[in-house]
Amino acid sequence: MAFATSNIRKGTCGDLKITAGDWTGSQGDASGTIAVEGGRVYAALFYTNDTVSPGNIPVPATWPAASGATTTVTIHNRETVTIGTFMIIHA
């Protein structure tokens, strides 16, 4: 299964925006991406939510420096994830 998101929710916390939802991906697939509005990402938290060892581990994510009206966050998954969750804080 390639990287995919679902159950996307968007909200605000003060003047910051939050995009959250569920994600899936497979070990060995290319890195996945998700675009969020705003030119700055403050945090991108992706978790595996595995029910077996090692459990709920963070997954590396990267994004470019501030620019433009949208920012693309890249998720560097290293294992098969079927019930992952994420939250991106951006402006």
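I will talk through one sheet and one residue in this predicted model.

Let me begin with the sheet, which is open and is built from three strands in the order β3-β7-β6, with antiparallel pairing. The edge strands are β3, covering residues 32-37, and β6, covering residues 61-62, and each of these pairs on one side only.

If we take the two pairings in turn, β3 and β7 run antiparallel to each other and are joined over six bridges, and within that pairing Ile-34 has Val-73 of β7 as its bridge partner. On the other side of the order, β6 is joined by two bridges to β7, the strand of residues 70-75, and this pair is antiparallel too. Here the residue to look for is Ala-61, whose bridge partner in β7 is Ile-75.

Now I would like to move to Asn-7, which lies in strand β1, the stretch of residues 4-13. What is the phi of Asn-7, a residue that is not a glycine? The phi is positive, at about 50 degrees.

You may also ask whether Asn-7 is buried or exposed. Asn-7 counts as exposed, because its relative accessibility is 54% and the cut-off for that word is over 50%.

So that you can find these places in the structure above, the pairs to look at are Ile-34 with Val-73 and Ala-61 with Ile-75, and the backbone to look at is that of Asn-7, with its positive phi.

Key: Residues are numbered from 1 along each chain as its sequence is written. This is a predicted model: local features need pLDDT of at least 70, side-chain atom pairs count only at pLDDT 80 or more; totals for chains, interfaces and linings use all residues. Side-chain values use heavy atoms; hydrogens and water are left out. Two strands pair if DSSP finds at least two bridges between them. Helices (H or I, at least four residues) and strands (E, at least two) are DSSP runs, numbered from the N terminus. Buried means under 20% relative accessible area, exposed over 50%, partly exposed in between (1.4 Å probe, protein chains only).
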